[in-house]
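I opened this entry to work through one structure. I wanted to see how its parts fit together.

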Amino acid sequence: MRFGDAKPAPYWRETVENPVDAPPLQGDVTCDLAIIGGGFTGLWSALKATERNGDASIVVLEGGKLSNAASGRNGGFCAPSISHGVSNATQRWPGEAETLIRLGRENLDDLEADLAHHGIDGGFERNGKLNVAATPWQAEGLRAMQASYARFGIETEYLEGAALDERFNTPRYHAGLFEPNYALVNPARLVDGLAKAAMARGASLHENSLVTGMKNAADGVRLTTAEGTVLAKQVILATNASVPLLRRLRSAIIPIWDYTLVSEPLSADQLAAIGWQGRYGIADSGNQFHYFRKIADNRILWGGYDAIYYYGSKRDAHLHDRAESYETIERNFFDAFPALGGIGFTHRWGGLIDTSARLTAFVGTAFQNRVAYAMGFTGQGVSATRFAALTMLDLLEGKTTERTRLKLLSSRAVPFPPEPIRSWAVKWAQTDLAREDLTGHRSLLLRTLDKFKIGFGS
Ligand SMILES: Cc1cc2nc3c(=O)[nH]c(=O)nc-3n(C[C@H](O)[C@H](O)[C@H](O)COP(=O)(O)OP(=O)(O)OC[C@H]3O[C@@H](n4cnc5c(N)ncnc54)[C@H](O)[C@@H]3O)c2cc1C
């Protein structure tokens with residue numbers, strides 16, 4: 001297999017010039033707002049908090065190095081959605097679907113405007129997304145998707161035959177639905193840019209400062225790290241797929257591992273052979289789906305498909321590299337791109353997704369409104385984290401806004417059962433999802449979960 005020659009580290013990291021290198025927290029400090037976690041959620045919270053109150057003292061505590069978790073390891077698909085897509089909104093929150101879809105589109109526009117305003121080079125490019133189908137039932141699914149998008153005034157273009165070949169020409173996919181309003185980012189540059197912008201506006205940042213304790217004290221919330229403490233008036237918990245510091249949140253998410261390969265740069269002939277004309281991202285339509293995109297020098301980033309859950313919700317660092325998953329996704333790559341038979345891979349990596357049973361984040365407060373949290377983004381947090389950050393700041397300010405009123409964010413996520421039922425249930429759902437991909441038939445189990453609005457995916 002070719003992935004064996006690839007470097008086991010995220011490609012994105014190498015694209016950041018002069019990355020932030022912040023010292024660990026040492027000693028005891030006090031502040032107005034402490035933010036735990038330096039991914040997109042924590043950094044958007046920090047930046048937006050500096051905009052809302054320029055005088056507030058803000059401290060971000062990141063347990064490792066920036067970009068080493070999901071925010072630096074993702075595919076960079078930046079959706080015009082806060083609800084993990086239109087169909088998730090219509091199925092789970094039909095009463096507020098229209099609002100969710102509008103807010104998702106506004107959030108993407110505002111995110112782009114924020115990057116311009118703060119001079120952040122996050123590699124933002126709004127080139128659209130092509131959803132492709134490999135089977136007749138997936139093609140039907142794309143037709144249904146088009147009809148559902150049309151209800152909300154979302155423009156799409158259905159493609160097959162020569163029209164599809166002009167955009168993307170491989171033997172595996174027979175139909176496509178192009179959505180022009182979809183963006184891509186360079187995740188690690190976005191993390192670095194957000195951190196630098198927040199720091200330029202006065203926020204302090206500490207890397208390698210894992211918070212091991214969070215206590216509600218008389219005079220604030222006390223956080224403990226290896227070499228220091230923080231006494232904060234308010235706290236934002238932005239720890240994504242890590243074990244939540246609040247015990248009550250522990251069964252609301254499970255850690256799912258997702259793996260990625262990056263190819264060598266494609267030559268002009270190789271690109272012509274697969275007919276991928278523009279710089280739009282592509283995703284296939286299975287339950288087990290691949291997402292893929294071109295990156296700066298016409299390499300292909302190829303991720304997804306093999307969502308792995310380890311018994312006991314394991315999160316050990318060595319699981320970032322998994323030969324069996326690379327084998328599967330490499331095989332799928334050459335199945336999708338037989339014309340690229342001679343190409344190798346330069347990078348491989350895994351990352352942790354905080355899967356919730358409704359595929360979207362939930363936001364709430366604890367410790368008498370001193371702590372706000374957001375997690376459960378599942379595999380679509382690149383843009384939704386910004387929205388969640390704004391909602392947490394609204395809550396900490398005691399404001400009722402259109403965001404805080406959303407059932408999407410404020411309703412409780414259905415908890416996952418404890419082990420051993422947890423792994424058994426995940427395995428059962430995954431087997432049925434894989435079978436549906438092969439046959440087009442949705443099992444009784446999946447239809448029952450649908451009825452109770454419970455989902456499993458990445
Ligand atoms: C492989 C992969 C591909 C993905 N692709 C996409 C995609 O294309 N599009 C999309 O929209 N979404 C995608 N996602 C999801 C997206 O990356 C996440 O939803 C998003 O990055 C979450 O941001 P975050 O800040 O909440 O979490 P993270 O980036 O995980 O940041 C959380 C941070 O908290 C820190 N932390 C945890 N506990 C503590 C503690 N106790 N003390 C201090 N720090 C702590 C961690 O070290 C970490 O840096 C993908 C995810 C993965 C893993």
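**Entry 1: strands around strand 11**

I started with a hairpin: strand 10 and strand 11 form it, with three residues between them. The model I am reading is predicted. I checked the pairing next. Strand 10 (residues 220–224) and strand 11 run antiparallel over four bridges. Arg222 has Leu231 in strand 11 as its bridge partner.

Which strand pairs with strand 11 (residues 228–237) in the parallel sense over nine bridges? I found strand 1 (residues 27–36). Here Leu33 stands opposite Gln234 in strand 11. Strand 18 (residues 371–375) also runs parallel to strand 11, and three bridges join them. I noted Val235 opposite Val371 in strand 18. As a reminder to myself, strands of a sheet pair through backbone hydrogen bonds.

**Entry 2: the eight-stranded sheet**

I then looked up an open sheet of eight strands with mixed pairing. I wrote down its order as 5-6-4-13-14-15-12-16. Which strands sit at the edges? They are strand 5 (157–160) and strand 16 (345–355), and each pairs on one side only. On average, neighbouring strands are turned by 20° against each other, direction ignored.

I took one pair from this sheet. Strand 12 (residues 254–263) and strand 16 are antiparallel over 10 bridges. Ser263 stands opposite Phe345 in strand 16. Helix 8 (residues 323–336) packs on the sheet. I listed its contacts: strand 12, strand 14 (290–295), strand 15 (299–304) and strand 16. The direction of helix 8 makes about 50° with that of strand 12.

**Entry 3: domains**

How is the protein chain divided? I copied the bounds: domain 1 (2–75 + 188–253 + 358–410), domain 2 (125–181 + 254–353) and domain 3 (421–451). The centres of domain 1 and domain 2, taken over C-alpha atoms, are 29 Å apart. Their contact takes 19 residues from domain 1 and 22 residues from domain 2. I sorted the domain 1 side by class: 10 nonpolar, five polar and four charged residues.

**Entry 4: the core**

I turned to the largest nonpolar core, which has 132 residues. Ala34, Ile36, Leu194, Val363 and Met392 touch the most other members. Helix 9 (residues 384–396) gives the largest share, nine residues. Why does this core lie between domain 1 and domain 2? Both domains give residues to it, so it lies between them. In general, nonpolar side chains tend to be buried together in soluble globular proteins.

I finished on Met392. Not counting residues up to four places away in sequence, Met392 touches Ser45, Ile236, Val363, Ala372 and Ala374.

Notes: Residues numbered from 1 in each chain as written. Predicted model: local features only at pLDDT ≥ 70, side-chain atom pairs only at ≥ 80, totals over all residues. Core = buried A, V, L, I, M, F, W, Y, C linked by C-beta atoms within 7 Å. Buried ≥ 20, exposed ≤ 12 C-beta atoms within 10 Å, placed from the backbone. Helix = DSSP H or I, 4+ residues; strand = E, 2+ residues; numbered from the N terminus. Domains from an automatic or database assignment. Contact = placed C-beta atoms within 7 Å. Nonpolar A, V, L, I, M, F, W, Y, C, P; charged D, E, K, R; others polar. Pairing = 2+ DSSP bridges. Axes fitted to C-alpha atoms, helices over the stretch in contact; angles between N-to-C directions.
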